[in-house]
Amino acid sequence: MIEVKNLCQTFELGKKQNKMKLDVLKDVSFQMNKGDILAVTGRSGSGKSTLLNLIGGLMKPTSGEIMINQTNVTNFSEGDFATFRLDNIGFIFQNFQLIPSMTAYENVELPLVLKGVAENKRASIVLTTLNRVGLEAYKDHYPSELSGGQQQRISIARALVIEPPIILADEPTGSLDSETEQEILSIIQQLNKESNITFIIITHDDAVAKIGNKHIHLHDGKLVKEEVAI
Ligand SMILES: Nc1ncnc2c1ncn2[C@@H]1O[C@H](COP(=O)(O)OP(=O)(O)OP(=O)(O)O)[C@@H](O)[C@H]1O
């Protein structure tokens, strides 16, 4: 489903005379099957978000290879990756990244608009998806009128609306209290079970890491531990 081979990422920092290189990912390799939940842990700065951004095509690796659904996406152009993402990958972020001037409904509808789904087909898809996260009644609310947990549910609905086989989540419960965290984790587990969605979840939190059936730990850009739950 997802195969990461010898992935390296080096950033160049500073101006011409004082340029320095920062090796953020060092030869990272792992594989995932469809329906896996992979928890990625590691200290701040260990390269977790960089790894997720590379898999999601938000940046290009310095070297190595990324295969998703038997497609080698490593050398995709930005445009090719954007199209691929609309069919294959949803994102969830710690700070939700909803568009403040759009209602919950409009935020969830947006990926369908980008995909070119006809307007008369969009309404039922959006309402069904809002229903899946329990927030149909809040469709006309703006993000500022929703709690953190509700905003994260809307962002899950926005990821879900294109029915992606993969959802990438960067600290999805990092801004939430522990009760709301449990609600969000239950939704993720339910989506994984019912729709066999593959998740990669970055977290600092053991409770979140526990919902994964696989776990990798990064230290200074190296994969130092790989575990499969039985
Ligand atoms: N675009 C960039 N240009 C230069 N350096 C970067 C860039 N993106 C990330 N870095 C650096 O790479 C290192 C790893 O960052 P990354 O965000 O992947 O870590 P992380 O493990 O997700 O950290 P956190 O848990 O704090 O979010 C950091 O030192 C960061 O400053």
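A residue is taken as buried if 20 or more other C-beta atoms lie within 10 Å of its own. In this predicted model, Ile 200 has 25 other C-beta atoms within 10 Å and is therefore buried. Ile 200 belongs to strand β8, which spans residues 198-202. When neighbours within four places in sequence are left aside, the contacts of Ile 200 are Leu 38, Val 40, Leu 52, Ile 55, Leu 168 and Ala 169. One of these partners, Ile 55, lies 145 residues away along the chain, with a separation of 9.7 Å between the C-alpha atoms of Ile 55 and Ile 200.

Leu 168, another of the contacts of Ile 200, is located in strand β7, residues 166-170. Leu 168 is likewise buried, because 27 other C-beta atoms are found within 10 Å. With neighbours within four places in sequence again excluded, Leu 168 is in contact with Leu 52, Ile 55, Gly 56, Ile 89, Phe 91 and Ile 200. By contrast, the C-alpha atoms of Leu 168 and Ala 104, which are 64 residues apart along the chain, are separated by 20 Å.

The ligand is surrounded by Phe 11, Leu 13, Leu 22, Val 24, Gly 42, Ser 44, Gly 45, Ser 46, Gly 47, Lys 48, Ser 49 and Thr 50. Two or more residues of this shell are contributed by each of β1 (2-13), β2 (20-32) and α1 (48-55), and the greatest contribution, 3 residues, is that of α1. In terms of residue class, the shell around the ligand comprises 7 polar, 4 nonpolar and 1 charged residues.

Key:
Residues numbered from 1 in each chain as written. Predicted model: local features only at pLDDT ≥ 70, side-chain atom pairs only at ≥ 80, totals over all residues. Near = placed C-beta within 6 Å. Helix = DSSP H or I, 4+ residues; strand = E, 2+ residues; numbered from the N terminus. Nonpolar A, V, L, I, M, F, W, Y, C, P; charged D, E, K, R; others polar. Buried ≥ 20, exposed ≤ 12 C-beta atoms within 10 Å, placed from the backbone. Contact = placed C-beta atoms within 7 Å.
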